[in-house]
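Here are my notes on this one, written as numbered points. Have the structure open while you read.

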Amino acid sequence: MKYEKEIAEIRDLFLSILNKYRAFEKIPHHYGTGEILYPAEVVMIETLGAYPGINVTELAKKHGVTKGAISQTIKKLEKKELVKQTKSSSNSKEVLLSLTMKGEIAYHQHQLFHLQVASELFDEIEQWTP
């Protein structure tokens, strides 16, 4: 293969970046709300921001976890005033989840964080030679 050595170097660099990113993602962060948010909470905020009005069952399916695990995380986010529950108008037993104003701030700040990281990565890649 013509560029075998270069491809191996790029692969190794990519894996290094990926491992650093994964380690960074495990650290709790602030996202403009005054609350420390842990990775599982941020993932939930991301999903609720993308799918407002989703219920616990749908969330559990999307994340491949139990409804109990979702409920525990939602309770933590409710205590932090980031998530609210409302009853469905069509089914009184169904509870719908959405972000509060504070939760929307965290959602948008996290989106900006990802855009910044992606931008820095693309800037770096653009400097590479073929």
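At what angle do the axes of helix H3 and helix H4 cross? I'll start there and work outwards; keep in mind that this is a predicted model.

1. **H3 against H4.** The crossing angle is roughly 110°, and the axes of H3 (residues 56-63) and H4 (residues 67-79) come within 9 Å. Angles of 65 to 115 degrees count as roughly perpendicular, so H3 and H4 are roughly perpendicular to each other. On the H3 side you'll find Val56, Thr57, Leu59, Ala60 and His63, which meet Lys67, Ile70, Ser71 and Ile74 of H4. Sorted by class, the residues of this contact come out as five nonpolar, three polar and one charged.

2. **H2 against H4.** H4 also has helix H2 (residues 39-50) as a packing partner, at an angle of about 90° and with the axes 10 Å apart. H2 and H4 are therefore roughly perpendicular to each other. Look for Ala40, Glu41, Met44, Ile45 and Leu48 in H2; they meet Ile70, Thr73, Ile74, Lys76 and Leu77 in H4. The class split here is seven nonpolar, one polar and two charged. Two H4 residues are worth clicking on: Ile70 and Ile74 are in the contact with H2, and Ile70 and Ile74 also turn up in the contact with H3.

3. **H2 against H5.** What about the other partner of H2? The axes of H2 and H5 come within 9 Å, crossing at roughly 100°. That makes H2 roughly perpendicular to H5. H2 puts in Val42, Ile45, Glu46, Gly49 and Ala50, while H5 answers with Gly103, Ala106, Tyr107, His110 and His114. By class, this contact has five nonpolar, four polar and one charged residues. Ile45 of H2 is part of this contact and also belongs to the contact with H4.

4. **The sheet.** In what order do the strands of the open sheet lie? There are three of them, ordered S3-S5-S4, with antiparallel pairing. S3 and S4 are the edge strands, each pairing on one side only. H4 packs on this sheet, where it touches S4 and S5, and its direction makes about 110° with that of S4.

5. **Bridges in the sheet.** Strand S3 (residues 54-55) is joined to strand S5 (residues 95-99) by two bridges. S4 (residues 83-87) is joined to S5 by five. If you want landmarks, try Leu97 of S5: Leu97 is the bridge partner of Ile54, and Leu97 is also the bridge partner of Gln85. Leu96 of S5 is the bridge partner of Thr86.

6. **The largest pocket.** How much space lies in the largest pocket? About 400 Å³. Its lining has 16 residues, and Ile17, Leu18, Tyr21, Val117 and Leu121 are the closest to the centre. The elements that give two or more residues to this lining are helix H1 (4-25) and helix H5 (101-126). H1 gives the most, with eight residues. The lining splits into 13 nonpolar, one polar and two charged residues. Note that H5 appears in this lining as well as in the contact with H2.

7. **The second largest pocket.** Which residues line the second largest pocket? Glu6, Glu9, Ile10, Leu13, Trp128, Thr129 and Pro130 do. Its volume is about 150 Å³. By class the lining has four nonpolar, one polar and two charged residues.

8. **Where I'd look again.** For a quick second pass, start from H4, with its contacts to H3 and to H2, plus its packing on the sheet through S4 and S5. Then move to the largest pocket, with about 400 Å³ of space and a lining to which H1 gives the most.

Note on methods:
Residues numbered from 1 in each chain as written. Predicted model: local features only at pLDDT ≥ 70, side-chain atom pairs only at ≥ 80, totals over all residues. Heavy atoms only, no water. Axes fitted to C-alpha atoms, helices over the stretch in contact; angles between N-to-C directions. Helix = DSSP H or I, 4+ residues; strand = E, 2+ residues; numbered from the N terminus. Parallel < 35°, antiparallel > 145°, perpendicular 65-115°, else oblique. Contact = heavy atoms within 4.5 Å. Nonpolar A, V, L, I, M, F, W, Y, C, P; charged D, E, K, R; others polar. Pairing = 2+ DSSP bridges. 1 Å grid on protein atoms, 1.4 Å probe; cavity = no way out; pocket = protein on both sides within 12 Å on 5 of 7 lines; lining within 4 Å. Points joined across faces, edges and corners; volume = space filled by probe spheres on them.
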